[in-house]
Amino acid sequence: MSEETTPPRPSLATLLRSGATPRPAGADAMDTGSQVDAGAGAGAGAGVADTIPPAAAEPPAEAQDTGGDEPDARQDGDSAPLEGGIAPDFLRRPAMAPAAIRRTPRWQWLLLLALALLLAVQVVLADRATLAARAGWRPLVAGLCTVLRCTLPPWHQPTAYTMLQREVRPLPGRPGVLQVQASFRNDARWAQAWPALSLSLSDADGRVIGRRLLQPRDYLGAAHDPAQRLEPGQSAQIAFLLREPSAATVAYAFEFR
């Protein structure tokens, strides 16, 4: 009678690698429908090979669980790449920034500035007479007319004339005729035309008994040139005859207009 041989147990490392649960000794004999002896001539090595379960195949690296730390690339609604990995041209092209869309070419700003400057010059030229009568605008308008060769009305500031000397006396040999002599100076910043001169005569009670407004041609005579100007700081001396309105004249007053 042949001695029954017990197959060797698998090692602990083999069981851990394969994930199989170790079976107690003699479990093969207790199972219903146990294995039938494959043959008396089978060797011990063949029995060991039939008893040890094959090691479970390890899953590929791509299929191994990563622990759930990395989110699915498609769970946010991203579209799957097109076939061949080529995206449309409008997706690959970078979006244009809003500032680049709204940027205005520099030549348009320069053109707008030139048109605004031209409009301002036209307004100044059209209203140069009124603007030239203002001390703040006079230098600007005068400089513009020097460049564009336009004319300006003369500066008119009667209060800038200063009376230096005056004298009114009867003309000897001519009763009822007064001889008037005066000298004045232009203290304005710009040249002025000859002023109009207002002469008032009063009696002893201070009542005005006569007034006359004399234009430059009245006290300068035919030699007066309307284009002549009195420069700043320039003095002038005048003399003329005036008929006396009353023998009671005792006082007189001059005023520039």
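**A walk from strand β4 outward**

The bridge partner of S200 is A253, a residue of β8. This pair belongs to a predicted model, and it offers a convenient place from which to begin reading the structure. S200 is one of the residues of β4, a strand that joins β8 in the antiparallel sense over 6 bridges, and another of the facing positions along these two strands is L199, which stands opposite F254 in β8. Strands of a sheet are held to one another through hydrogen bonds of the backbone, in either a parallel or an antiparallel arrangement.

On its other side, β4 pairs with β5, again in the antiparallel sense and over 6 bridges, and here S202 is found opposite V208 of β5. The hairpin that β4 and β5 form has 5 residues between the strands, and within this hairpin G206 adopts a positive phi near 85°. Taken together, the three strands make an open sheet with the order β5-β4-β8 and antiparallel pairing. Its edge strands are β5 (residues 208–214) and β8, each of which pairs on one side only, while the average turn between neighbouring strands of the sheet, with direction ignored, is 15°.

How many of the residues of β4 are buried? The strand is mostly covered, with 6 of its 6 residues buried, and the cover extends to both of its faces, since L197, L199 and L201 are buried on one side and S198, S200 and S202 are buried on the other.

The strand also leads into the interior of the protein. β4 (residues 197–202) is among the elements that give two or more residues to the largest nonpolar core, together with β1 (161–170), β2 (177–186), β7 and β8. This core has 19 residues, and those that touch the most other members are V180, F184, W194, L197, Y219, I238 and F240. F240 shows what such a position looks like in detail: when residues up to four places away in sequence are not counted, F240 touches L178, Q179, V180, L197, L214 and Y219. Another core, of 5 residues, lies apart from the largest one, and it includes V124, A132, V141 and C145.

Between β7 (235–243) and β8 (251–256) runs a loop, and T249 has its place there. Is T249 buried or exposed? Its relative accessibility is 18%, and because a residue counts as buried under 20%, T249 is classed as buried. Beyond its neighbours within four places in sequence, T249 is in contact with L201, S202, I209 and E244.

The helices bring a separate part of the picture. Helix α6 (residues 106–126) packs with helix α8 (residues 138–148) at an angle of about 100°, and their axes lie 11 Å apart, which means that α6 is roughly perpendicular to α8. On the side of α6 the contact is made by V121, V124 and L125, and on the side of α8 by V141, L144 and L148. Sorted by class, this contact has 6 nonpolar residues, with no polar and no charged ones.

Helix α7 (residues 128–132) contains R128, which at 27% relative accessibility counts as partly exposed. Although R128 and L152 are 24 residues apart in sequence, their C-alpha atoms are 7.2 Å apart in space. Setting aside neighbours within four places in sequence, the contacts of R128 are V141, C145, C150, T151 and L152.

The loop between α8 and β1 holds R149, whose phi is near 60°, a positive value in a residue other than glycine. R149 is exposed, with a relative accessible area of 77%. H156 lies in the loop between α8 and β1 as well, and H156 is likewise exposed, at 57% relative accessible area. Its contacts, apart from neighbours within four places in sequence, are Q192 and R257, while the C-alpha atoms of H156 and W194, 38 residues apart along the chain, are separated by 9.3 Å.

A view of the whole protein completes the tour. Its secondary structure comes to 9 helices and 8 strands, and of its 257 residues, 18% count as buried. Where contacts join residues at least 6 apart in sequence, 61% of them connect residues at least 24 apart.

Technical notes. Residues numbered from 1 in each chain as written. Predicted model: local features only at pLDDT ≥ 70, side-chain atom pairs only at ≥ 80, totals over all residues. Heavy atoms only, no water. Axes fitted to C-alpha atoms, helices over the stretch in contact; angles between N-to-C directions. Helix = DSSP H or I, 4+ residues; strand = E, 2+ residues; numbered from the N terminus. Parallel < 35°, antiparallel > 145°, perpendicular 65-115°, else oblique. Contact = heavy atoms within 4.5 Å. Nonpolar A, V, L, I, M, F, W, Y, C, P; charged D, E, K, R; others polar. Buried < 20%, exposed > 50% of the residue type's maximum accessible area, 1.4 Å probe, protein only. Core = buried A, V, L, I, M, F, W, Y, C linked by side-chain atoms within 4.5 Å. Pairing = 2+ DSSP bridges.
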